[in-house]
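Please open the structure in your viewer and keep the selection panel at hand. The tour below proposes what to select at each stop.

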Amino acid sequence: MANAPKTTAPAKKESGNSGNLFASLAIIICFVIGYIVWKFVMGNPTNFQENNPENQPNPGNYLGMIYHAGVIVPILIGLFLMVWVFSIERFIVIGRAAGTGNVGNFVRKVQSLINGGNIDTAIAECDKQKGSVANVVKAGLLKYKDVSANTGLDAEKSVVAIQKEIEETTALEMPMLEKNMNVIATLVSIGTLTGLLGTVTGMIKAFSALATGGAPDSAKLANGISEALINTATGIGTSTFAIVMYNILTAKIDSLTYSIDEAGFSIVQTYAANHK
């Protein structure tokens, strides 16, 4: 058992490196797609009068209106896409961590097997379930068997050994679940701040139109106000979506953590009760 961490560490390190690469590429690709959508879809000449993107949008053409909201728009589109990409990635990872079956049913079945003394059957259930929860439970069960076979250990030291094994395995599994959650949390603030930046630039343009000598340039004034409102709405929408996804994913992670703690507690308590 002492060699187990050495065999799993390289895999975790490799997984961490691949995760960092994914995050970096995802961020770059989302911004590139955001620019392409803004420049070539929203900025398509057919969206504007006389097929000229410099002119006003065609009546009722919202794509052209958003295009005229300025260069902050592709950044906001990129941020919105990032929320989607990282949320989907986290849903997939957390789903795999839960395993092949219902986590609650798995924990209850393992608890029943442990209470009945069927440790080998419980380990087989972990192999069938797979995922982070099953990995932690299996590590605790294997340590349970080891300390049970070692008659030289007293009950108190054995309980500590089982608890330590469960805690160490949990410490290896949890970073995988929480990885990239900080990106979604950051997008909550960045979305709003970027939208406010677009609001400020739009209002600057609007006041510039008012500052001209003689009658205000109504077209520039309208464009400036439109830019401010569009950027504000997009930024708030991105942040709201990020908050919702972050809370949903956090709740899922907390549920898995609770299942791990519940199963680990059952293992320790069962051993303590059977080895008084």
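Which residues does threonine 270 touch, not counting residues up to four places away in sequence? Select threonine 270 with Ile114, Asn115 and Tyr144, which are the residues that it touches, contact meaning heavy atoms within 4.5 Å. This is a predicted model, in which local features need pLDDT of at least 70 and side-chain atom pairs count only at pLDDT 80 or more, while totals for chains, interfaces and linings use all residues. Residues are numbered from 1 along each chain as its sequence is written, and side-chain values use heavy atoms, with hydrogens and water left out.

Threonine 270 is found in helix 9 (residues 218-274), helices being DSSP runs (H or I, at least four residues) numbered from the N terminus. With a relative accessible area of 8%, threonine 270 is buried, since buried means under 20% and exposed over 50%, with a 1.4 Å probe and protein chains only.

Staying with helix 9, turn to the second largest pocket, where about 300 Å³ of space lies. Of the 13 residues that line this pocket, select those closest to its centre, namely Glu54, His68, Lys205, Asn223 and Glu227. Helix 9 gives the most to the lining, with four residues, and helix 8 (181-210) also supplies at least two. A pocket here is an open set of points on a 1 Å grid over the protein atoms alone, where a 1.4 Å probe fits, with protein on both sides within 12 Å along at least five of seven lines; lining residues have an atom within 4 Å of a point.

Finally, select phenylalanine 40, which lies in helix 1 and is exposed, with a relative accessible area of 52%.

Definitions and conventions:
Grid points are joined across faces, edges and corners, and a volume is the space filled by probe spheres set on the points.
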